[in-house]
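Biologist: Could you take a close look at a single part of this model and tell me how it is placed among its neighbours? I would like one connected account.

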Amino acid sequence: MSRLRWAALAAVLALAAAACTGTDLGGDGSEDQESPRAPVPASPEPVESPAAGPGSAAAANRRLCEIPEVDPGEGGSGVPAEGPTPPAIRQVMNELEEIRGFGFASPVVAEAVSQEEIGDDLVAFADLAYPEEQYARRSQAWDTIGVIPDGTSLRDAYEAYGSGAVIGYYNTLDGTLKFTAEQEPTPFELTTLAHELTHAIDDQRFGLDRLDVLGAECRDEEASAALALVEGNATFFMVRWAQTYLTVEEQVQLGLEAASLDTTLEGVPPFVLRLESWSYDEGLRFVTALSARGGVDEIDEAFRDIPVSTEQILHPERFPNDAPTPVDVPDLADELGAGWQDLDVMTVGESWLDIALGLRLEADDAADAAAGWDGGTYRAWSNGQETAVVLSTVWDSAEDADEFAQAMTEWIGEGGEIARVLPVDDRAVTVVFATDEPTLRSIESAA
């Protein structure tokens, strides 16, 4: 999402409620049990450097990406409102400064609003976060791959997710914060506020608009990794705030409020739902690992040198030294025939593959098959009726490549997609997808 500051989801706050009475974060921000720094593995050198010319996947991605012209007034109030900070909000700000380790550079305009208003803001942001034509093309590609049901509109799915699950957000464009709350905020609402204010204090110190740029430029894998850091950190300090400043009775009330939330999100496919919650769940684990490694200083360093892949999030020992291998998919439009042209390009990371495989395989099997990822890209073409997709991946070892190929073959068999895993080439695995058998034969031959 180019507008990264959609805040605490119902699922996240349920996790936070459990953490408030379960997971114990020490006063220095680390877990009680020490987690020593593991040796950092290094990925093998790429077999060959990927192409970067006019026909490359990277060039196609730049052509297809609809970079929005951002006006601070779009999707928000533009200029922050003036006025005193409400006492309850000021108190949470002061408490966060204590546990975050530094202060707010300027006051935060925080406004309690209705869920309906947040939903309206999300719709206004949609043109920036989810360009209509771009997400229509991506819907077609993901439909062909088989990770979303036929006919799914990703833009509609993301809007449905945001309208039903978001109970607050921080806007990096103008520094405003909105959240659902009454005049006397409940423990649940205060915990949401702590999450959002963590975004605000991080933005003032580290400039979170850098992360918005990644999403706007369609650097999907980097944006997903950065978002996991940001949301994981906000969840981490939200939990610490609740543990530190809520009474036992208030923590119990927080748990009851979170448990009572209706987390049913109609119209949101499981794949999209898992992609969206991933940044909170795995991000929290990542930040917790950083804290165990070196406390708050280690977390702050990650904001200065942000993660570049979801592999680094899933395997903190690989951060920051294990960078992925760029993978190219050449232009095969001419081989497919007259009328074919680029539809979509996306860098595919370990998290995307893990979640995709997990739609049909056991969770542990999916995670094992996606581990060992070292780079991936898909490129899709269409002639207006049919669609073809090539997913090209590189792995840390030939054994990792074989394991992924076997899992992908099983995954295709379970879903009945028109797809095929091509013979493994050392550490490289290519999978082709199509909307019909003749197109599959054509793309398989071309690939």
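Modeller: In this predicted model, Tyr170 stands opposite Leu177 in strand 3, where strands are DSSP runs of E with at least two residues, numbered from the N terminus. The model is read with local features needing pLDDT of at least 70, side-chain atom pairs counting only at pLDDT 80 or more, and totals for chains, interfaces and linings using all residues. Residues are numbered from 1 along each chain as its sequence is written, and side-chain values use heavy atoms, with hydrogens and water left out.

Tyr170 lies in the range of strand 2 (residues 168-171), which runs antiparallel to strand 3 and is joined to it by four bridges; two strands count as paired if DSSP finds at least two bridges between them. The hairpin of these two strands has four residues between them, and in it Gly175 takes a positive phi near 75°. Strand 3 also pairs with strand 1 (residues 109-113), this time in the parallel sense and over five bridges, and here Ala112 stands opposite Phe179.

As for cover, strand 3 (residues 176-180) is mostly covered, five of its five residues being buried, that is, under 20% relative accessible area with a 1.4 Å probe and protein chains only. In a regular strand, side chains alternate between the two faces of the sheet. In strand 3, Thr176, Lys178 and Thr180 point one way, whereas Leu177 and Phe179 point the other way, and all are buried.

Technical notes
Buried < 20%, exposed > 50% of the residue type's maximum accessible area, 1.4 Å probe, protein only.
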